[in-house]
Amino acid sequence: MSNINEINDDFMPVFLINGFLESGKTQFLQFTMEQDYFKADGKTLLIVCEDGETEYDEELLKRNKTEAVFIETMAEMTPDRLLELELLHNPERILIEWNGMWNQDQLKLPDDWKIYQQITLIDMSTFDLYSANMKPLLYAMVRDSEMVICNRCDGIEDLSGYRRTLKAMCLGGEIIFEDSEGEVSEIADEDLPYDINADVVEISPEAYGIWYIDCMERRDRYEGKTVEFTAMVLKSPEFPKNYFVPGRMAMTCCEDDMTFLGFVTKAREAKSLETKQWVRVRAKIAYEFWKDYDGEGPVLHADSVVPAQPIRGYVQF
């Protein structure tokens with residue numbers, strides 16, 4: 001969790017901890033309160049939106065100058081009600097333990113409240129059930145999370161598929177797997193659906209999603225590699241000269257949640273391309289600073305860009 005002492009005083013910092021019932025939110029918050037990085041002057045207001053089996057330790061709350069308020073219905077989570085709680089308790093920061101059965105997209109905060117950090121906890125023993133039956137709720141929780149902590153991974157031999165699924169929902173977040181003892185589980189390298197050691201790595205339409213996620217995270221595997229794939233052109237007046245983005249549409253949750261997945265590409269052919277045109281790209285992968293990455297990320301340097309037939313369907317992970 002972020003250091004509480006690095007917060008801008010211009011807004012009320014909100015730490016949002018979410019997850020479905022019994023995912024470990026209460027335990028995580030109680031552990032966090034005891035850590036040095038969360039120690040600071042002033043009071044903490046803890047808004048609890050779910051009555052789980054684990055109760056908060058009253059002595060721990062008192063010791064850490066934390067006042068707990070319990071909210072029973074989503075209807076109570078209005079900006080006016082939240083402002084009343086702020087005026088009543090005068091906190092320096094807000095913790096929210098979110099109810100996973102409430103759609104987080106409906107959360108409205110007061111104008112001067114800002115989500116400073118969002119962390120999602122997932123019980124992997126029930127992940128398949130929630131993913132199959134409540135995917136929109138899961139996506140709303142995971143999408144903007146800085147970190148997704150997947151606990152209770154004991155007995156799951158191959159976590160790579162789960163990692164891709166979650167990474168597709170939460171492109172900018174860190175995915176962490178833990179066993180029952182809290183130890184981070186190692187994820188073995190999977191058998192990729194393409195020959196990573198080929199002179200030109202051919203990315204099939206079916207493998208595009210796997211390649212995209214893996215390339216974002218495994219610089220050691222892809223830097224300097226030449227790849228070839230088919231994608232749709234995206235151009236913008238904001239791009240520098242000779243740059244475009246070849247990519248594919250991915251359905252991360254449902255048809256209302258479509259995302260264009262592609263990497264910035266430098267190509268001499270860029271000026272003659274049009275948005276939504278389909279092309280076959282052969283390019284070398286580098287990792288360079290780009291503002292949309294908030295740091296370094298994959299930037300492709302094209303050897304060739306030629307017209308191609310459209311690909312039907314969405315990216316699969």
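Biologist: What makes Arg-221 and Asp-214 a salt bridge?

Modeller: This is a predicted model, and in it the closest N and O atoms of Arg-221 and Asp-214 are 2.5 Å apart. The cut-off is a side-chain nitrogen of Lys or Arg within 4 Å of a carboxyl oxygen of Asp or Glu, so the pair counts.

Biologist: And why is Asp-214 called buried?

Modeller: Its relative accessible area is 9%, and buried means under 20%, so the label fits Asp-214. Arg-221 comes out at 14%, so it counts as buried too.

Biologist: Asp-214 sits in α7, right? How do you know that α7 is largely enclosed by the rest of the structure?

Modeller: Eight of the 10 residues of α7 are buried, so that's the verdict. Among them are Tyr-208, Trp-211 and Asp-214 itself.

Biologist: Why are α6 and α7 called roughly perpendicular?

Modeller: The axes of α6 (residues 160-169) and α7 (residues 208-217) cross at roughly 85°. The window for roughly perpendicular is 65 to 115 degrees, so the pair earns the name. Their axes also come within 10 Å.

Biologist: Which residues meet there?

Modeller: From α6 you get Arg-163, Arg-164, Lys-167 and Ala-168, and from α7 Ile-210, Ile-213 and Glu-217. By class, that contact has three nonpolar, no polar and four charged residues.

Biologist: Now Glu-228 and Arg-282. What makes them a salt bridge?

Modeller: The closest N and O atoms are 2.6 Å apart, and the limit is within 4 Å. Glu-228 lies in strand β9 and Arg-282 in strand β13, so the pair ties together parts that are 54 residues apart in sequence. Glu-202 and Arg-280 join Glu-228 and Arg-282 in a network of salt bridges.

Biologist: Why is Arg-282 called partly exposed, while Glu-228 is called buried?

Modeller: Arg-282 has 32% relative accessibility. Partly exposed is what lies between the 20% and 50% limits, so Arg-282 belongs there. Glu-228, at 13%, falls under 20% and is therefore buried.

Biologist: What about Arg-81 and Glu-84, where do they lie?

Modeller: Both are in helix α3 (residues 79-89), three residues apart, about one turn of the helix. An α-helix has 3.6 residues a turn, so residues three or four places apart point the same way. The closest N and O atoms of Arg-81 and Glu-84 are 3.6 Å apart, again inside the within 4 Å limit.

Biologist: How many salt bridges turn up in the whole structure?

Modeller: The search finds 16.

Conventions: Residues are numbered from 1 along each chain as its sequence is written. This is a predicted model: local features need pLDDT of at least 70, side-chain atom pairs count only at pLDDT 80 or more; totals for chains, interfaces and linings use all residues. Side-chain values use heavy atoms; hydrogens and water are left out. Axes are lines fitted to C-alpha atoms, for helices over the stretch in contact, and angles run from 0 to 180 degrees between N-to-C directions. Helices (H or I, at least four residues) and strands (E, at least two) are DSSP runs, numbered from the N terminus. Angles under 35 degrees count as roughly parallel, over 145 as roughly antiparallel, 65 to 115 as roughly perpendicular and the rest as oblique. Contact means heavy atoms within 4.5 Å. Ala, Val, Leu, Ile, Met, Phe, Trp, Tyr, Cys and Pro count as nonpolar, Asp, Glu, Lys and Arg as charged, and the others, Gly among them, as polar. Buried means under 20% relative accessible area, exposed over 50%, partly exposed in between (1.4 Å probe, protein chains only).
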